[in-house]
2 protein chains.
Amino acid sequence: MPLLVVGSIAFDSVQTPTDSRDNVLGGSAVYFSYAASYFTGVRLVGVVGEDWPEEHTKLLEDRKIDTQGLQVMEGQETFRWKGKYEPNMNDRETLELHLNVFENFNPVLTDELKRCPFLFLANGSPTTQLKTLEQMNGPRLVVADTMDLWIEIERDQLMELLGKVDGLVLNDSEAKLLTQEENLVKAGHMVRAMGPKFVVIKKGEHGAMFFSEHETYVMPAFPTADVVDPTGAGDSFAGGMMGYLAQKNDFSPATLKEALAYGTMVASFNVEDFSLDRMKQIDKADIDKRLEEYRKMLSF
Amino acid sequence: MPLLVVGSIAFDSVQTPTDSRDNVLGGSAVYFSYAASYFTGVRLVGVVGEDWPEEHTKLLEDRKIDTQGLQVMEGQETFRWKGKYEPNMNDRETLELHLNVFENFNPVLTDELKRCPFLFLANGSPTTQLKTLEQMNGPRLVVADTMDLWIEIERDQLMELLGKVDGLVLNDSEAKLLTQEENLVKAGHMVRAMGPKFVVIKKGEHGAMFFSEHETYVMPAFPTADVVDPTGAGDSFAGGMMGYLAQKNDFSPATLKEALAYGTMVASFNVEDFSLDRMKQIDKADIDKRLEEYRKMLSF
């Protein structure tokens, strides 16, 4: 089934302890779409400036991602982020942030986009996420991401959003910030009590936790020695997860768990190089092969 | 098969964000023995002062732990540790440390103890661990633990020890300190290259990683909302693991993975109360029941 993602598109400048890249393709909706495209048809809605090179659109379209919802704003610049990773490759510092076109991002959905049965509200303000959701025409499954910034400055809007989505994906520090609870098992269920039927807490190199009314489980990250750039790992994870759910057109507990496993695999490839460089090299068979290794790893 | 453990016995004073206990039973060999006793016959070697209450010996003997190797030093005091946990319940600060009798701990093994086929060298200096190992009469499996202190002040002796043991168990920060490598997958294999056939890196609430020549895997911690006191989690983990290996009298890859899973389960009970308070309430059936939940959690 078609999967719609609405979120940021960015040029990232990334410094790791051993290497760096300037102005490479990034952004939550980009990482998400590319990851999801291995599983289902993806429709991307986002905004860029006139500095956006056509080759980036082509890269997405080569994976059959529908880019009709890509707005190009003349005379403006694309969202830019510059960040630096600590030696542990988990903590990072934002060095520069230029919202540019993303500051006034106002997604307007075509009738075709409104009818997408699966929706992921990637990084964006809860206000924008709510505006997007209001345009939808009875989606089957809506999952949102959020960030520390929105928890801090748009808490009321975020709480309203949480009452309207089926699932929320957020990272461990955001879950602690949102609930003021340090135990992630408690925090996960507290977030769930704010509205979503299920909550996924991403723990970076330590994997992800899932919470629904009757289930609590953890899936470890795939242990890779080749962590080159963690940027986009969380969005790739969400993309793999939602892509698989849309492909199956199902979100039963068993399918959700498989979806988390697929998200984990896609994220594990994504971190093996900067931007989408590693993702560009793999196909679905590579993901399936690693999933079988992962399944074996967790069997005893 | 009989399992010998040689290590520290302590009185712990523990402060958590919400509660505290003073002078409760602790120490690496205590947590280890109690955990291992659910699986096999355990022989404990350690040293205490004349402040050691007989009820503690009885508690261990009630679980059929052989305490003949418990030395009581007249006129001296038992090792004491006082620590405080951060709100995340993972990081802790040592407030007081009194080695007392443990400072000159010199384990002397009886002929019966020397013939134990399974040996765990729990917390102690590499010098003491080597002295213990030298007394053994052809053990089938020797696994050691180590600590940041020994990596810093007895590195040469630790390296000598690593050439003589089958396995090493250490935590994530210790693995990084020992190898100067931040990526735990790389660090694990680097530690293995120092001598042991297998290495287990404990990650606290994030589980444990296993490394052998042909295998690298991660097992997440059991997600519990009731983390009351993490003290002894690592030693309980090692106890469950070694206890199971000794019970099976086998250390094939499949048995080692089951052993890690059992270690994870025992540790998850241990953290649910101070000292051995939670462990005292459970029996082997409780551990097996949680293991089945864990197995189900990791199946997809």
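A residue counts as buried if 20 or more other C-beta atoms lie within 10 Å of its own, as exposed if 12 or fewer do, and as partly exposed in between. The exercises below apply this criterion and others to a predicted model.

**Exercise 1. Burial and backbone of A:Ser275**

Task: Determine whether A:Ser275 is buried or exposed, and describe its backbone and setting.

Solution.
1. Locate the residue: A:Ser275 belongs to the loop that joins helix H10 (253-270) to helix H11 (284-297) of chain A.
2. Count the surroundings: 23 other C-beta atoms lie within 10 Å of A:Ser275, so this residue is buried.
3. Inspect the backbone: phi of A:Ser275 is near 45°, a positive value in a residue other than glycine.

**Exercise 2. A second positive phi**

Task: State where B:Asn249 lies, and assign its burial class.

Solution.
1. B:Asn249 is placed in the loop between helix H9 (233-248) and H10 of chain B.
2. Its phi is near 50°, again a positive value in a residue other than glycine.
3. With 13 other C-beta atoms within 10 Å, B:Asn249 is therefore partly exposed.

**Exercise 3. Contacts of a strand residue and a helix residue**

Task: Characterise the surroundings of A:Val48 and of B:Gln135.

Solution.
1. A:Val48 is part of strand E4 (residues 42-49) of chain A. Its count of 26 other C-beta atoms within 10 Å makes it buried.
2. Leaving aside neighbours within four places in sequence, the contacts of A:Val48 are A:Ile9, A:Leu70, A:Val72, A:Thr78 and A:Val101.
3. A:Gln71 is 23 residues from A:Val48 along the chain, and the C-alpha atoms of the two are separated by 6.2 Å.
4. B:Gln135 is in helix H4 (residues 126-135) of chain B. With 14 other C-beta atoms within 10 Å, this residue is partly exposed.
5. Under the same exclusion of neighbours within four places, B:Gln135 touches B:Leu109 and B:Lys114. The C-alpha atoms of B:Gln135 and B:Lys114 are separated by 6.3 Å, at 21 residues apart along the chain.

**Exercise 4. Packing of two helices**

Task: Classify the mutual orientation of H1(A) and H9(A), and describe their contact.

Solution.
1. The axes of helix H1 (residues 28-36) and helix H9 (residues 233-248), both of chain A, come within 7 Å and cross at roughly 40°.
2. Angles under 35 degrees count as roughly parallel, and those from 65 to 115 as roughly perpendicular; H1(A) and H9(A) are therefore oblique to each other.
3. The crossing of H1(A) past H9(A) is right-handed.
4. Residues of H1(A) in the contact include A:Tyr31, A:Phe32 and A:Tyr34, while those of H9(A) include A:Gly239, A:Gly240 and A:Met242. By class, this contact has 7 nonpolar, 6 polar and 1 charged residues.

**Exercise 5. Overall form of chain A**

Task: Assess how compact chain A is from its radius of gyration.

Solution.
1. Chain A comprises 11 helices and 13 strands.
2. Its radius of gyration is 18 Å, close to the 19 Å that the globule rule gives for 300 residues, so chain A is as compact as a globular protein of that length.
3. Along the principal axes, the C-alpha atoms of chain A fill a box of roughly 55 × 45 × 35 Å.
4. Buried residues make up 51% of the 300 residues.
5. Of the contacts in chain A with a separation of 6 or more, 64% are between residues 24 or more positions apart.

**Exercise 6. The contact between the chains**

Task: Describe the side of chain B that touches chain A.

Solution.
1. The contact draws 25 residues from chain B and 25 residues from chain A.
2. On the side of chain B, the elements giving two or more residues are helix H8 (184-192), strand E13 (216-219) and helix H10 (253-270).
3. By class, that side has 14 nonpolar, 6 polar and 5 charged residues.

Definitions and conventions. Residues numbered from 1 in each chain as written. Chains lettered and ligands numbered in written order. Predicted model: local features only at pLDDT ≥ 70, side-chain atom pairs only at ≥ 80, totals over all residues. Axes fitted to C-alpha atoms, helices over the stretch in contact; angles between N-to-C directions. Helix = DSSP H or I, 4+ residues; strand = E, 2+ residues; numbered from the N terminus. Parallel < 35°, antiparallel > 145°, perpendicular 65-115°, else oblique. Left-handed = near helix turned anticlockwise from the far one by under 90°. Contact = placed C-beta atoms within 7 Å. Nonpolar A, V, L, I, M, F, W, Y, C, P; charged D, E, K, R; others polar. Rg over C-alpha atoms; globule rule 2.2 N^0.38 Å.
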